[in-house]
Amino acid sequence: MAKAFKYGLKGITGYLEPAERDLLRSLIHDVISMLQPEDRDGQDPLAALIGLDMDVAEPSDRAVKRLLPNVMKDDAGASLEFRQLTERSLRETKIGALRAAALDLDKDEIVLTPDGARHWSMALNDVRLVLAERLDIQDEEDAEHVHLMQDWSQAEDVESYLALVYNFATWLQESLVQAMLQSMDSRR
């Protein structure tokens with residue numbers, strides 16, 4: 001059974017069972033595949049190097065759109081322009097954090113540096129955003145309904161299973177954030 005992240009002499013540590021690590025690794029790889037930009041032949045190498053993507057469009061998948069939202073809800077043109085200038089680097093940053101977290105899943109005990117904790121926090125947040133979209137969590141009432149699913153033996157369908165996974169990722173992220181706050185307090 002997983003143990004919450006905590007701050008101690010070794011830094012921020014946590015423990016995950018092999019099945020829990022496999023689950024997180026799978027979720028992380030799913031999110032990476034959603035964020036992976038399409039390879040395009042004939043793309044301007046300079047534009048790719050500095051992160052410009054003039055052919056980018058608003059994502060059609062709601063979960064990807066939640067990971068890469070429009071910057072201005074009421075101005076599609078400005079949102080598209082901002083997306084052209086920033087989306088590639090945002091995708092790369094998210095993928096980097098997800099990959100860094102996945103590398104830590106090779107051991108039972110997870111020991112995180114401050115950068116590692118930041119990567120984990122980002123990765124868990126992105127996993128939760130995708131799960132929340134798949135569960136259609138739109139408001140506090142939806143979140144409360146999902147939170148009620150706590151018993152793995154009650155998982156009868158995909159939605160209840162996803163709710164349990166969402167709750168697990170939420171608990172893990174919450175314990176990580178608490179440990180990060182404790183580490184900051186100890187440095188003061």
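Start by colouring the aromatic residues: across the whole structure, a search turns up two aromatic pairs. Select F5 and W120 for one of them, an edge-to-face pair with 5.6 Å from centre to centre and 70 degrees between the planes. Keep in mind as you look around that this is a predicted model.

Now show the cartoon around those two rings. F5 belongs to strand β1 (residues 3-8) and W120 to helix α5 (residues 114-134), so the pair joins distant parts of the chain, 115 residues apart. Are these two residues buried or exposed? Both F5 and W120 are buried.

**Zoom out to the whole chain**

With the cartoon in full view, you can count seven helices and three strands in the protein chain. Trace the elements from the N terminus and the order reads β-β-α-α-α-α-β-α-α-α. Along the principal axes, the C-alpha atoms fill a box of roughly 50 × 40 × 30 Å.

Switch on a surface next. The protein chain has an accessible surface of about 11400 Å², and carbon and sulfur atoms contribute 54% of that. Of the 188 residues in the chain, 39% are buried. If you like contact maps, take the contacts in the protein chain with a separation of 6 or more: 70% of them are between residues 24 or more positions apart. Colouring by charge brings up 21 positive and 36 negative charges, whose mean positions are 6 Å apart.

**Back to strand β1**

Select K3 together with Y15. The charged end of K3 sits over the ring of Y15, at 5.6 Å from the ring centre.

Then move to K6, which also has its place in strand β1. Is K6 buried or exposed? Its relative accessible area is 54%, and the cut-off for exposed is over 50%, so K6 counts as exposed. Show its surroundings: leaving out residues up to four places away in sequence, K6 touches G11, I12, T13 and A179. For a sense of scale, draw a distance from K6 to S89; the two are 83 residues apart along the chain, and their C-alpha atoms are separated by 31 Å.

**On to helix α1**

Select R21, in helix α1 (residues 18-35). Why is this arginine counted as buried? The relative accessibility of R21 is 10%, and buried means under 20%, so R21 falls in that class. Which residues should you display around R21? Apart from neighbours within four places in sequence, R21 is in contact with L16, L105, K107 and D108.

**Helix α7 and its contacts**

Next, pick Q173 in helix α7 (residues 158-186). Q173 is buried, with a relative accessible area of 10%. Not counting residues up to four places away in sequence, Q173 touches S121, L124, N125 and R128. Add A4 to the selection as well: Q173 and A4 are 169 residues apart in sequence, yet their C-alpha atoms are 9.0 Å apart in space.

**Last stop: a loop**

Finish at D136, in the loop between α5 and α6 (140-147). Check the backbone torsions here: phi of D136 is near 60 degrees, a positive value in a residue other than glycine. On the surface view, D136 appears as partly exposed, with a relative accessible area of 40%.

Conventions: Residues numbered from 1 in each chain as written. Predicted model: local features only at pLDDT ≥ 70, side-chain atom pairs only at ≥ 80, totals over all residues. Heavy atoms only, no water. Phe/Tyr/Trp six-rings, centres within 6.5 Å; stacked < 30°, edge-to-face > 60°. Helix = DSSP H or I, 4+ residues; strand = E, 2+ residues; numbered from the N terminus. Buried < 20%, exposed > 50% of the residue type's maximum accessible area, 1.4 Å probe, protein only. Lys NZ or Arg CZ within 6 Å of the ring centre and 35° of its normal. Contact = heavy atoms within 4.5 Å. Areas by Shrake-Rupley, 256 points an atom, 1.4 Å probe, with all protein chains shown as cover. Lys, Arg positive; Asp, Glu negative; His and termini not counted. Charge placed at Lys NZ, Arg CZ, Asp CG, Glu CD.
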